[in-house]
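Let's walk through this model together, beginning with a single side-chain contact and then stepping back to the strands. Please have the sequence and the 3D view at hand.

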Amino acid sequence: METIYKFKNSSSKLIEKIVDDDFSAINHVILSAGDSLPEHYSNSNTYFIIVQGTIALRLGEDNSKSYEAGSIVYIPYNIKMNVANGSGSILEFFIVKAPNPGNYKA
């Protein structure tokens, strides 16, 4: 009945799609010190689950805020975001989008 999804361990930049089904999309991201993602808009209800390190997150025109491992950050649909490693060590986090962006109805 269950489905198993695997994700990689890495010490360098990694962005991998783990789940992409009708219900949700889950990505696994690892950013080295100084790495960031391109500025983009959230395309669904989005949750960042920070596993290791500190994420620097700028939403809309607000100032950047930092969130440490053990935090879950919710980001609503259609919000401009800048995501970066906010520390000198590895940043690892999961991105959970629900519903799957392909099924999001604004």
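A good place to start is the pair N43 and K97, whose side chains are joined by a polar contact of 3.0 Å. Keep in mind as you look that the model is predicted.

Where does N43 sit? You will find N43 in the loop that runs between strand 3 (40–41) and strand 4 (46–52). Its surroundings come from other parts of the sequence: leaving aside residues up to four places away, N43 touches Y77, K97, P101 and Y104. You can also look across to I79, which lies 36 residues from N43 along the chain, with 8.2 Å between the two C-alpha atoms.

Is N43 buried, exposed or something in between? Its relative accessible area is 33%, and because buried means under 20% and exposed over 50%, N43 counts as partly exposed.

Now let K97 lead you on to the strands. Residues 91–97 make up strand 9, which runs antiparallel to strand 2 (residues 25–31) and is joined to it by seven bridges. If you would like a landmark in this pairing, try L31, which stands opposite L91 in strand 9.

Step back once more and the wider arrangement comes into view. Five strands form an open sheet with antiparallel pairing, in the order 1-2-9-4-7. At its edges are strand 1 (14–20) and strand 7 (72–75), each pairing on one side only. On average, neighbouring strands of this sheet are turned by 20° against each other, with direction ignored.

Key: Residues numbered from 1 in each chain as written. Predicted model: local features only at pLDDT ≥ 70, side-chain atom pairs only at ≥ 80, totals over all residues. Heavy atoms only, no water. Helix = DSSP H or I, 4+ residues; strand = E, 2+ residues; numbered from the N terminus. Buried < 20%, exposed > 50% of the residue type's maximum accessible area, 1.4 Å probe, protein only. Contact = heavy atoms within 4.5 Å. Polar contact = N/O pair within 3.5 Å; in protein donor to acceptor, adjacent residues only side chain to side chain. Pairing = 2+ DSSP bridges. Axes fitted to C-alpha atoms, helices over the stretch in contact; angles between N-to-C directions.
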